[in-house]
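Me: I'm new to this protein and would love a close look at one residue. Could you start there and then show me some other spots along the chain?

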Amino acid sequence: MGVRKIPSLAEAVRSELRTLFGPRVLLSRSEKGVYRYDAILVGPEPLAVVLPESREEVQALVRLARKHGLPLVPRGAGSGLSGGAVPEEGAIVVAFTRMTRLELDPKGRTAWAEPGVTTARISEEARPYGLFYPPDPASWRTSTLGGNLGENAGGPLCFKYGVTGDYVLELEFVDAFGELHHLSRQAYDLPGLLIGSEGTLGLITGVRVRLLPLPRHRATLMAAFPEVGALAQAVSRAIAQGAVPARLEFLDPICVNAVEDYLGMGLPRGHALLLAETDGDDLEVVQEELSLVEETAEGLGAKVQKARDEKEAEALWRARRSVSPALGRIRPKRVNEDIAVPRSHLPQVVQGISALGEAYGLVVAQFGHIGDGNLHPNILFDPKRESEERVWELAHEIARVALRHGGVLSGEHGIGLMKREFMREAVEEGTLEAFRTVKAVLDPQGLLNPGKVLP
Ligand SMILES: Cc1cc2nc3c(=O)[nH]c(=O)nc-3n(C[C@H](O)[C@H](O)[C@H](O)COP(=O)(O)OP(=O)(O)OC[C@H]3O[C@@H](n4cnc5c(N)ncnc54)[C@H](O)[C@@H]3O)c2cc1C
């Protein structure tokens, strides 16, 4: 009789996982490979990838992970830009892409969504009822509600309408002990604590979000400024005078040139562009608000083009949406920074970042949700010719510019792995200690997305 092979821990876990999840546990190298990445970083191969289909399965998985002391890394679409969904050694990735139930309550103007529902789907399904879901990250066709909640994602509409967290009425999550919680935003606003916690405090299994009536009218303009300083000034002045555009987006001359090379739509090369959209039910008010932006921009030397109809407006917004692919033609790789600074500091911040790029000899293109002071300086590089180490050094210097100007490390992409070590510079030690205490209470074994957010 042969000696019976004692299964290693990994083998025992694998077999338990198979029993619980059948073919929805991925164990082969080829299947697990894609789950090493988000849109910016890559980590080691996970021990396994599990695709739960219900809250009960998530609970069972947490209990299994707890028993074996295995880290769990929640994941939506992996479109994150700070490494939040990137696994560490020996972790199990929990991919929520099969939890896609969506129920609309048009009368109550709410929707109940499982975490794998894509962001755009909510507005698409709400549209026939004259409703929409405002948070609109540019990645909304792929990004999921779970990932949006993990990062408290924003988008162009967030200046007027707010970010993901502003639309959460109820949140359902599984804690690090495998217990299920279904909470509204009352005493001890635990949902508020989970929003933006990047999967480090609980696994979100459902959310009830608020929907808004679709505005009846929209008006859009594009203003071309000879330089960025005047553009930033125009934004501050128009807002101070009472304009509340729904969208206020900015492209620096590098982005404008890149989009023009890509689309050939007649954009004014060498200029900084401001795209503004106002919306509402009263056409007169919508047009008045846009005129406020128009007059302020012209007063600061801009040439303004107003969209005459939806088709023209759509063409202008296409320019903004094409920034990412257009920049990809300048250099094959990029690091997408995400900082937010007080609006009044924008001219110095934009200029300071351009100067840093020049000093490092690297191309830095800047765009973003300028109404909120949220900038995305993108460092473009070719790893064959330019040192990746210097690129990251420059990314950190850019974050320091934001901190020096009273800004924050992340406007909407989160801390994840990318900015974790920077938390020491950005957050008081006492506050970090408070964060660690919260984490230790909710996740004493440190199983939920370990190594993220906290240095
Ligand atoms: C081209 C492009 C444009 C983008 N534009 C924007 C933009 O305009 N605004 C913006 O805010 N972001 C933007 N992003 C970043 C990214 O799309 C957002 O952060 C998005 O919210 C991530 O969603 P995801 O489903 O891909 O999440 P993932 O990247 O998979 O995960 C993000 C974080 O959430 C956690 N998480 C995922 N699911 C759960 C869950 N069920 N429970 C608990 N934690 C969970 C993960 O652990 C991770 O920490 C952009 C990205 C790209 C590539």
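Reply: **Starting at one residue**

Asn-378 counts as buried because its relative accessibility is 0%. Buried means a relative accessible area under 20%, exposed means over 50%, and partly exposed falls in between, using a 1.4 Å probe and protein chains only.

Before going on, a word on what you are seeing: this is a predicted model, in which local features need a pLDDT of at least 70 and side-chain atom pairs count only at pLDDT 80 or more, while totals for chains, interfaces and linings use all residues. Residues are numbered from 1 along each chain as its sequence is written, and side-chain values use heavy atoms, with hydrogens and water left out.

Back to our residue. Asn-378 sits in strand E19, which covers residues 374–381. Strands (E, at least two residues) and helices (H or I, at least four) are DSSP runs numbered from the N terminus. What does the side chain of Asn-378 make a polar contact with? The partner is the side chain of Arg-334, at 2.4 Å. A polar contact is a pair of N or O atoms within 3.5 Å; within protein, one must be able to donate a hydrogen and the other to accept it, and residues adjacent in sequence count only if both atoms are side-chain atoms.

Arg-334 also appears among the residues that Asn-378 touches once those up to four places away in sequence are set aside. The others are Leu-327, Val-335, Asn-336, Glu-337, Val-363, Val-364, Ala-365 and Phe-367. Contact here means heavy atoms within 4.5 Å.

Next, the chain as a whole. It is divided into domain 1 (9–95), domain 2 (102–213), domain 3 (217–323) and domain 4 (331–404), with bounds from an automatic or database domain assignment. The C-alpha centres of domain 3 and domain 4 are 22 Å apart. To the contact between them, domain 3 gives 18 residues and domain 4 gives 16 residues.

Another spot to find is Arg-343, in the loop between strand E17 (339–340) and helix H13 (346–360). With a relative accessible area of 27%, Arg-343 is partly exposed. The side chain of Arg-343 reaches the backbone oxygen of Gly-371 at 2.5 Å. Beyond four places in sequence, Arg-343 touches Gly-371 along with Phe-159, Val-235, Ser-236, Ile-239, Ile-370 and Gly-373.

Glu-312 belongs to helix H11, residues 310–321. Its relative accessibility is 21%, so Glu-312 counts as partly exposed. The side chain of Glu-312 makes a polar contact with the side chain of Arg-308, at 2.5 Å. Apart from neighbours within four places in sequence, Glu-312 is in contact with Lys-306 and Ala-307. Glu-312 and Leu-221 are 91 residues apart in sequence, and their C-alpha atoms are 9.6 Å apart in space.

Now for the ligand. It is surrounded by 34 residues, and the closest are Pro-74, Gly-76, Ser-79, Ser-139 and Thr-144. A residue counts as near the ligand if one of its heavy atoms lies within 4 Å of it. Where does the ligand lie with respect to domain 1 and domain 2? Both domains give residues to the shell, so the ligand lies between them. Strand E3 (72–75), helix H5 (145–151) and strand E10 (203–210) each supply at least two shell residues. H5 gives the largest share, five residues. By type, the shell holds twelve nonpolar, 18 polar and four charged residues. Here Ala, Val, Leu, Ile, Met, Phe, Trp, Tyr, Cys and Pro count as nonpolar, Asp, Glu, Lys and Arg as charged, and the others, Gly among them, as polar.

A backbone N or O atom of Gly-76 lies 2.7 Å from an oxygen atom of the ligand. A polar backbone atom of Glu-198 is 3.2 Å from a ligand oxygen, and a side-chain N or O atom of Asn-449 is 3.2 Å from a ligand oxygen. Taken alone the ligand exposes 980 Å², and the protein buries 92% of that; these areas come from the Shrake-Rupley method with a 1.4 Å probe.

Glu-198 has one more point of interest: its phi is near 55°, a positive value in a residue other than glycine. Most residues other than glycine have a negative phi. Glu-198 is buried, with a relative accessible area of 8%, in the loop between helix H7 (190–194) and E10. Asn-152 also has a positive phi, of about 50°. Asn-152 is found in the loop between H5 and helix H6 (158–161), and is partly exposed at 25%.
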